[in-house]
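The following account leads from the overall form of a protein chain to its annotated domain and then to two individual residues. Please keep the sequence and the coordinates in view while reading.

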Amino acid sequence: MTEAKQAPSDGAPQPKRGVLDIAPYVGGKSAIAGVAKPIKLSSNENALGAGEKAREAFAAAVSSIHLYPDGRADRLRAAVAEAHGLEPERLIFGNGSDEVFALLNQTYLEAGDNIVTSQYAFVAYQISARACQAEVRLAAEPDFRADVDAMLALVDERTKLVYLSNPANPTGSYATGEEIRRLHAGLPAHVILVVDEAYAEFVTEPDWESAFDLARTASNIVVTRTFSKLHGLGGLRVGFGYAPLAVEQAIDRIRLPFNVSVPGIEAAIAALGDEAHQKASRDLVAEWRPRLIQAVRGFGFEVLPASGNFILIRFPDAKRPASAAQDYLQSQGIIVRGVASYGLPDCLRVTVGTADQNRAVLDALSEFAAR
Ligand SMILES: *Cc1c(COP(=O)(O)O)cnc(C)c1O
């Protein structure tokens with residue numbers, strides 16, 4: 001198959017080996033034909049939108065958009081360092097945390113190297129690793145949770161990066177602080193452990209820990225965070241990694257010079273200072289996540305334990321499959337995320353919405369269950 005795709009039959013330009021084998025990323029749907037304002041719960045966006053302070057900062061930034069951004073994002077760097085108690089020089093900013101993953105892969109992977117992650121891992125890690133002609137190794141996830149021993153068993157001398165999202169998307173599971181320490185302790189020194197904490201702020205379980213503390217003294221841990229979820233700035237594309245200084249300095253050589261925009265920098269700084277909006281966003285999820293789980297289980301569907309701003313519903317009954325549920329929700333103007341591309345064809349991922357949106361989801365699912 002690869003041969004057929006790549007064979008230069010007519011002298012036309014050929015992408016490098018492996019590129020055409022990568023399945024394009026398909027994001028959550030955002031429209032339903034004929035529905036003016038669908039309820040969009042397919043991309044784990046913040047149901048409250050961006051906060052007032054971030055909106056004002058974004059609007060004010062219009063007077064500066066003819067200027068190139070500060071290439072080091074120094075004011076944002078200082079604000080993030082202050083907010084999380086981190087050394088500013090160890091931060092890597094990206095056009096979303098997606099770009100931080102791509103930069104790590106570009107900096108560390110050669111053809112024939114590999115990354116290790118787990119079965120239902122976020123696909124962004126995998127796409128950019130394949131673009132570097134690296135192999136992607138997926139450790140089985142019994143019970144929809146990353147399995148530290150299974151991941152360690154896949155690591156060899158060609159492994160350069162191990163990716164773990166904590167909490168995980170799309171399963172919603174999390175690894176405990178103890179599991180992260182065990183994973184790190186089991187890795188050879190040449191392997192970078194990347195802990196993707198995109199949903200960190202929504203976790204309420206006491207045995208979850210941020211890997212920031214572990215990363216502080218390690219020479220091979222990168223922790224990533226994003227402004228796309230809690231802060232509601234997905235459209236502006238701002239994320240960062242906290243890395244060993246040597247990793248930051250290597251990446252800084254190949255990163256595009258102005259990879260975070262002027263409005264992105266300004267809105268992100270303002271968002272960090274908007275504790276009221278952060279609290280409202282966390283409170284909404286803390287209130288509705290358990291209510292949604294309990295109600296959906298009451299309709300007879302399975303719901304996995306959830307630690308992010310979304311839930312994963314399983315439809316094990318072939319007479320009421322996930323695809324039919326997705327169609328029914330769509331007929332009610334509600335867009336959720338099918339996750340067949342993650343190997344979870346019997347599941348749907350649903351972002352926690354506003355109270356009204358959540359009630360609409362529950363009404364629709366109870367109708368679907370009764371059909
Ligand atoms: C949404 C998400 C991110 C954030 O991506 P950005 O590029 O920062 O918007 C990272 N990791 C996971 C697992 C996510 O679901």
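The accessible surface of the protein chain comes to about 16400 Å², and carbon and sulfur atoms contribute 54% of that area. The model is a predicted one, and the values given here are computed from it.

The architecture combines 13 helices with 13 strands. The radius of gyration is 21 Å, close to the 21 Å given by the globule rule for 371 residues, so the chain is as compact as a globular protein of that length. Along the principal axes, the C-alpha trace extends over about 55 × 50 × 50 Å.

Burial and contacts describe the interior. Of the 371 residues, 51% count as buried. Among contacts with a sequence separation of 6 or more, 71% join residues that are 24 or more positions apart. As for charge, the chain carries 37 positive and 45 negative charges, and the mean positions of these two sets are 3 Å apart.

An annotation from the UniProt record can be placed on this framework. The unreviewed entry assigns the feature "domain: Aminotransferase class I/classII large" to residues 37-365. Within that span, 39% is helix and 18% is strand. The C-alpha atoms at its two ends lie 19 Å apart.

Two residues within strands allow a closer view. Ala-139 belongs to strand S4, which covers residues 135-139. Is Ala-139 buried or exposed? Its relative accessible area is 2%; because the cut-off for burial is under 20%, Ala-139 counts as buried. Beyond its neighbours within four places in sequence, Ala-139 is in contact with Thr-117, Ser-118 and Gln-119, and also with Ala-150, Met-151 and Leu-154. Leu-256 stands 117 residues from Ala-139 along the chain, and the C-alpha atoms of the two are separated by 32 Å.

The second residue, Arg-337, is found in strand S12, formed by residues 337-339. With a relative accessible area of 8%, Arg-337 is also under the 20% cut-off and is therefore buried. Which residues does Arg-337 contact, leaving aside its neighbours within four places in sequence? The contacts include Tyr-25, Val-26, Gly-27 and Gly-28, as well as Leu-41 and Ser-42. Gln-326, Tyr-342, Cys-347, Leu-348 and Arg-349 are also in contact with Arg-337. For Ser-42, the separation along the chain is 295 residues, while its C-alpha atom is 4.6 Å from that of Arg-337.

Terms used:
Residues are numbered from 1 along each chain as its sequence is written. This is a predicted model: local features need pLDDT of at least 70, side-chain atom pairs count only at pLDDT 80 or more; totals for chains, interfaces and linings use all residues. Side-chain values use heavy atoms; hydrogens and water are left out. Helices (H or I, at least four residues) and strands (E, at least two) are DSSP runs, numbered from the N terminus. The radius of gyration is taken over C-alpha atoms; the globule rule is 2.2 Å times the number of residues to the power 0.38. Buried means under 20% relative accessible area, exposed over 50%, partly exposed in between (1.4 Å probe, protein chains only). Contact means heavy atoms within 4.5 Å. Accessible areas come from the Shrake-Rupley method with a 1.4 Å probe; for residues, only the protein chains shown count as cover. Lys and Arg count as positive and Asp and Glu as negative; His and the chain ends are not counted. The place of a charge is taken as NZ of Lys, CZ of Arg, CG of Asp or CD of Glu. UniProt positions are given in the numbering used here, feature names are shortened, and annotations may be inferred rather than shown by experiment.
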